[in-house]
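Q: I would like to learn how to read salt bridges and burial in a protein model. Could we go through them together, step by step?

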Amino acid sequence: MSKALRVMMGITMLTGGVLGQAITVHAAVGTTQTKQVRQVAPVGNLASQVENSPVVKAAGNRVTLAAQALTTASTALTTVTDALPAAQANLDATNKILAKNQKIQAHMGALKQAAMVRQVQAQKELTEQLSGQTTAQTAVTKSQAEATRLATAVQTAQSNFDKDNSGTNKVTLQTTQTKLKAAQQTLQTAQSTLDKINTRVSAAKEELVNAKMEVSGSTRDYQIAQVDYDIIRPQAAVDQAKASYMTKVQRVTAAKTKLAAAQRDLAQAQEQLATARAQTLAALTAAAEKPVSEQPAIEKPVSEQPVADRATDTSADANQATHRGAVGNQSMKPVKPTTTSTPYRVVTKSRQAIPALRTTVSPVVVKPATERAQPRVSAKPATLPQTGEQTNHALTVMGLILLTATSLLGLSRQRQRHQTTD
């Protein structure tokens, strides 16, 4: 093997090692950047994350329960309010029936009372007329006796005057005759008074009979009215309707109180939901804008990590192991990094870039690769790595290396031909 060929192969191997290191570094950086982007990138839109927050869900459940309670209270208030007019109508109807019966019974009672008063007055009048009749009858009797006595005295005086036509007997006869006329006049007056009193007694007796009949009739009518127009049962119905109406009024008041309480609870629940949404949105926004280096690292156990993340981590470790083996054996085996997106957030520690490549052929400065493996985290939102640009750049470098190797191989063969010809 000529010296030029050995130099060409050394340069090719060195260039291949540098290229392998660059590809591995690019793969590691891509994997790290992908994980960093997956760490801060929200799954779905921010509103969906806010609504899926446990705090917001709990507040939403409280709002739902409060709304259901408000609907129930409103329905209950409507129900008891609708029942109130019927209770009022029932109370009015029972009051009307009671008032009618009370009016009829009062009228019948008044008639009975008037008949009783009339009977009492008729009885009193009859008693007075009977007393006057007795007095008038006594006066008539006395006047009759006096007239009879004077008539006898006139006959005696007339007989005496006939026997002795003297002046004394004449005066006695005249005096006795005058007294007899007076007694007869008194008798006539007493008889006239007695006749009048007898008429009034008859009228009083008739009035008493009529009053007794009226009392009897009014009493019977009153008793019938008490049966036909009872006030006991209507009064009980009124009391019951009034109690029912008051109960419904109390239910309406209680339903209004519950409705007001449900409205307050719903307002408080809505306020708590708005507060929970605002706080959750602020927390998510602050977490999204916070630098990756300042975010707390939360490592999950291997059993809890998604399969895609374990595959990514295993692939990255395998790429590093392959790269170390390739460098140690002075061979190049590029490994394509594998990244798989997950449907939810996974917070992992950002991996550090692999250390600089060790080689024994010639010193190689790998500072750019190291710096590229440790990207600086800024406050700007993380973006997905431009793997397409890195792959194109690597292919360009590989093409240049192959072109150089082919040229060197051609030069070596030309030199061998010239040496053979010479």
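A: We can begin with a pair inside one helix, keeping in mind that this is a predicted model. Arg149 and Glu146 lie 3 residues apart in helix α3, which means that about one helical turn separates them. Their side chains meet in a salt bridge, with an N to O distance of 2.3 Å.

Q: Are Arg149 and Glu146 buried or exposed?

A: Residues between 20% and 50% relative accessible area are called partly exposed. Arg149 counts as partly exposed because its relative accessibility is 48%, and Glu146 is partly exposed as well, with a relative accessible area of 32%.

Q: Which parts of the chain does the salt bridge between Glu214 and Arg118 link?

A: In this salt bridge the side chains come to 2.7 Å, N to O. The pair links distant parts of the chain, since Glu214 belongs to helix α4 (residues 167–228) and Arg118 to helix α3, 96 residues apart.

Q: How many salt bridges are found in the whole structure?

A: The search finds 5. One of them joins Asp230 and Arg233, whose closest N and O atoms are 3.0 Å apart. Salt bridges that share partners also join Arg118, Glu207 and Glu214 into one network.

Q: Where is Gln129 placed, and what does Gln129 contact beyond its neighbours in sequence?

A: Gln129 sits in helix α3, which covers residues 54–163. Burial is called under 20% relative accessible area, so Gln129, at 9% relative accessibility, counts as buried. Leaving aside neighbours within four places in sequence, Gln129 is in contact with Ile197, Arg200, Val201 and Ala204.

Methods: Residues numbered from 1 in each chain as written. Predicted model: local features only at pLDDT ≥ 70, side-chain atom pairs only at ≥ 80, totals over all residues. Heavy atoms only, no water. Helix = DSSP H or I, 4+ residues; strand = E, 2+ residues; numbered from the N terminus. Buried < 20%, exposed > 50% of the residue type's maximum accessible area, 1.4 Å probe, protein only. Contact = heavy atoms within 4.5 Å. Salt bridge = Lys/Arg side-chain N within 4 Å of Asp/Glu carboxyl O.
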